[in-house]
Amino acid sequence: MVSVRKVVCVAGLGFVAVGAVGDSVPAGTVADIEERTRPFGELCLEGDDCGGVQAAPVVVPVAGRSGRAVYDKHCQACHLGGLNNAPKLGDVEAWAPRLAKGMDELFRNTKEGFANFLMPAMGTCMDCTDAELRAAIEYMSGVPGDGG
(Lines give C-alpha, C1' and ligand atoms only; values in the text may rest on other atoms or scores of the structure.)
Protein backbone atom coordinates (compact mmCIF):
# COMPACT_ATOMS: atom_id res chain seq x y z
CA MET A 1 0.00 0.00 0.00
CA VAL A 2 1.30 3.48 -0.89
CA SER A 3 1.43 5.93 1.94
CA VAL A 4 0.04 9.45 1.61
CA ARG A 5 3.46 10.90 2.41
CA LYS A 6 5.08 9.20 -0.64
CA VAL A 7 2.32 10.47 -2.97
CA VAL A 8 2.70 14.03 -1.67
CA CYS A 9 6.48 13.80 -2.00
CA VAL A 10 6.27 12.61 -5.64
CA ALA A 11 3.69 15.27 -6.48
CA GLY A 12 5.87 17.93 -4.86
CA LEU A 13 8.87 16.87 -6.97
CA GLY A 14 6.73 17.24 -10.07
CA PHE A 15 5.88 20.84 -9.18
CA VAL A 16 9.54 21.62 -8.47
CA ALA A 17 10.60 20.13 -11.82
CA VAL A 18 7.98 22.12 -13.75
CA GLY A 19 9.01 25.30 -11.96
CA ALA A 20 12.70 24.64 -12.66
CA VAL A 21 12.10 24.13 -16.39
CA GLY A 22 10.04 27.29 -16.61
CA ASP A 23 12.82 29.34 -14.97
CA SER A 24 15.72 27.74 -16.88
CA VAL A 25 15.30 29.87 -20.03
CA PRO A 26 16.74 33.36 -19.56
CA ALA A 27 14.44 36.29 -20.25
CA GLY A 28 14.37 37.25 -23.92
CA THR A 29 15.69 33.90 -25.15
CA VAL A 30 12.36 32.70 -26.52
CA ALA A 31 11.94 35.92 -28.51
CA ASP A 32 15.52 35.61 -29.79
CA ILE A 33 14.91 32.02 -30.93
CA GLU A 34 11.67 32.98 -32.65
CA GLU A 35 13.45 35.84 -34.43
CA ARG A 36 16.32 33.59 -35.61
CA THR A 37 14.05 30.79 -36.84
CA ARG A 38 11.32 32.77 -38.58
CA PRO A 39 11.09 32.29 -42.36
CA PHE A 40 13.36 34.66 -44.24
CA GLY A 41 11.21 34.88 -47.36
CA GLU A 42 8.04 33.79 -49.06
CA LEU A 43 7.37 31.77 -52.15
CA CYS A 44 6.00 33.91 -54.96
CA LEU A 45 4.65 32.04 -57.96
CA GLU A 46 3.93 33.48 -61.37
CA GLY A 47 0.46 35.00 -61.34
CA ASP A 48 0.47 35.67 -57.57
CA ASP A 49 0.34 39.20 -56.16
CA CYS A 50 3.84 39.36 -54.75
CA GLY A 51 3.67 42.83 -53.27
CA GLY A 52 5.26 44.50 -56.28
CA VAL A 53 8.19 42.08 -56.42
CA GLN A 54 8.69 40.17 -59.66
CA ALA A 55 9.08 36.42 -59.56
CA ALA A 56 12.56 35.13 -60.38
CA PRO A 57 13.01 34.14 -64.01
CA VAL A 58 12.79 30.45 -64.84
CA VAL A 59 16.01 29.03 -66.24
CA VAL A 60 15.33 26.96 -69.35
CA PRO A 61 18.01 24.55 -70.51
CA VAL A 62 19.77 25.37 -73.74
CA ALA A 63 18.02 23.39 -76.45
CA GLY A 64 19.72 21.68 -79.30
CA ARG A 65 23.02 20.57 -77.77
CA SER A 66 24.88 18.27 -80.10
CA GLY A 67 25.55 14.66 -79.30
CA ARG A 68 29.22 15.51 -78.90
CA ALA A 69 28.44 18.35 -76.46
CA VAL A 70 26.28 16.03 -74.33
CA TYR A 71 28.95 13.31 -74.48
CA ASP A 72 31.73 15.73 -73.51
CA LYS A 73 29.84 17.02 -70.49
CA HIS A 74 27.92 13.97 -69.23
CA CYS A 75 28.85 10.70 -70.92
CA GLN A 76 32.60 10.57 -71.27
CA ALA A 77 33.20 9.96 -67.56
CA CYS A 78 32.11 6.35 -68.14
CA HIS A 79 32.23 5.87 -71.91
CA LEU A 80 35.76 7.23 -72.50
CA GLY A 81 37.46 4.45 -70.54
CA GLY A 82 34.70 1.82 -70.47
CA LEU A 83 33.84 2.18 -66.77
CA ASN A 84 31.44 -0.57 -65.61
CA ASN A 85 31.64 -2.14 -69.08
CA ALA A 86 30.25 0.99 -70.76
CA PRO A 87 30.81 0.78 -74.50
CA LYS A 88 33.57 3.19 -75.50
CA LEU A 89 33.16 6.03 -77.94
CA GLY A 90 33.21 4.66 -81.49
CA ASP A 91 33.85 1.03 -80.44
CA VAL A 92 31.74 -0.63 -83.11
CA GLU A 93 32.16 -4.12 -81.65
CA ALA A 94 31.04 -3.06 -78.16
CA TRP A 95 28.05 -1.10 -79.48
CA ALA A 96 26.86 -3.85 -81.90
CA PRO A 97 24.90 -6.02 -79.39
CA ARG A 98 23.27 -2.94 -77.91
CA LEU A 99 22.30 -1.55 -81.30
CA ALA A 100 20.97 -5.00 -82.30
CA LYS A 101 18.21 -4.51 -79.71
CA GLY A 102 17.11 -1.40 -81.59
CA MET A 103 17.54 2.31 -81.03
CA ASP A 104 14.26 2.53 -79.09
CA GLU A 105 15.49 -0.01 -76.51
CA LEU A 106 18.89 1.67 -76.29
CA PHE A 107 17.22 5.04 -75.80
CA ARG A 108 14.89 3.64 -73.11
CA ASN A 109 17.87 2.21 -71.21
CA THR A 110 19.63 5.55 -71.49
CA LYS A 111 16.65 7.52 -70.30
CA GLU A 112 15.56 5.20 -67.46
CA GLY A 113 18.94 3.78 -66.48
CA PHE A 114 20.11 0.21 -66.81
CA ALA A 115 21.69 -2.69 -64.88
CA ASN A 116 21.23 -1.56 -61.29
CA PHE A 117 22.59 1.94 -61.86
CA LEU A 118 25.65 0.89 -63.85
CA MET A 119 24.08 3.14 -66.48
CA PRO A 120 22.51 6.03 -64.55
CA ALA A 121 19.20 7.44 -65.69
CA MET A 122 19.57 10.13 -68.35
CA GLY A 123 23.30 9.41 -68.35
CA THR A 124 23.44 12.04 -65.56
CA CYS A 125 22.15 14.73 -67.97
CA MET A 126 18.95 15.52 -66.12
CA ASP A 127 18.13 18.51 -68.34
CA CYS A 128 18.73 16.75 -71.67
CA THR A 129 15.87 16.52 -74.12
CA ASP A 130 15.03 13.21 -75.77
CA ALA A 131 16.58 14.52 -79.00
CA GLU A 132 19.82 15.40 -77.19
CA LEU A 133 20.02 11.95 -75.58
CA ARG A 134 19.45 10.28 -78.95
CA ALA A 135 22.11 12.51 -80.51
CA ALA A 136 24.57 11.46 -77.79
CA ILE A 137 23.83 7.78 -78.44
CA GLU A 138 24.32 8.31 -82.17
CA TYR A 139 27.58 10.14 -81.56
CA MET A 140 29.00 7.50 -79.21
CA SER A 141 27.87 4.47 -81.18
CA GLY A 142 28.77 5.81 -84.60
CA VAL A 143 25.21 5.40 -85.88
CA PRO A 144 24.68 7.71 -88.83
CA GLY A 145 22.62 10.70 -87.85
CA ASP A 146 23.06 14.23 -86.65
CA GLY A 147 24.66 13.21 -83.35
CA GLY A 148 27.93 15.10 -84.00
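Reader: Before anything else, what counts as a helix here?

Author: A helix is a DSSP run of H or I that is at least four residues long, and helices are numbered from the N terminus. With that in hand, the elements of this predicted model run α-α-α-α-α-α from the N terminus on.

Reader: And how many strands go with those helices?

Author: The protein chain has zero strands alongside its six helices.

Reader: How much of the chain is buried?

Author: Of the 148 residues in the protein chain, 19% count as buried. The accessible surface comes to about 11100 Å², and carbon and sulfur atoms account for 62% of that surface.

Reader: Which residues have the most contacts inside the largest nonpolar core?

Author: That core has 13 residues, and those with the most contacts inside it are Val70, Cys75, Cys128, Leu133 and Met140. The elements that give two or more residues to this core are helix 3 (67–79), helix 5 (103–112) and helix 6 (130–141), and helix 6 gives the most, with four residues.

Reader: Why would such residues gather like that?

Author: As a general tendency, nonpolar side chains in soluble globular proteins are buried together.

Reader: What does Cys75 touch, apart from its close sequence neighbours?

Author: Leaving aside neighbours within four places in sequence, Cys75 is in contact with Val70, Ala136 and Met140.

Reader: Changing topic, how many salt bridges are there?

Author: A search of the whole structure finds seven salt bridges. One of them joins the side chains of Arg134 and Asp104, at 3.5 Å from N to O. Since Arg134 lies in helix 6 and Asp104 in helix 5, this pair ties together parts that are 30 residues apart in sequence.

Reader: Are those two buried or exposed?

Author: Arg134 is partly exposed, with a relative accessible area of 27%, whereas Asp104, at 58% relative accessibility, counts as exposed because the cut-off for that word is over 50%.

Reader: Which salt bridge sits within helix 3?

Author: The side chains of Asp72 and Arg68 meet in a salt bridge, at 3.6 Å from N to O, and these two residues of helix 3 are four residues apart, about one turn of the helix. Asp72 counts as partly exposed at 36% relative accessibility, and Arg68 also counts as partly exposed, at 46%.

Reader: And what does Arg108 pair with?

Author: Arg108 forms a salt bridge with Glu105, and their closest N and O atoms are 2.8 Å apart. Both residues belong to helix 5, where a spacing of three residues separates them by about one helical turn. Elsewhere, salt bridges that share partners join Arg65, Asp127 and Glu132 into one network.

Terms used: Residues are numbered from 1 along each chain as its sequence is written. This is a predicted model: local features need pLDDT of at least 70, side-chain atom pairs count only at pLDDT 80 or more; totals for chains, interfaces and linings use all residues. Side-chain values use heavy atoms; hydrogens and water are left out. Buried means under 20% relative accessible area, exposed over 50%, partly exposed in between (1.4 Å probe, protein chains only). Accessible areas come from the Shrake-Rupley method with a 1.4 Å probe; for residues, only the protein chains shown count as cover. A nonpolar core is a set of buried Ala, Val, Leu, Ile, Met, Phe, Trp, Tyr and Cys residues joined through side-chain atoms within 4.5 Å. Contact means heavy atoms within 4.5 Å. A salt bridge is a side-chain nitrogen of Lys or Arg within 4 Å of a carboxyl oxygen of Asp or Glu.
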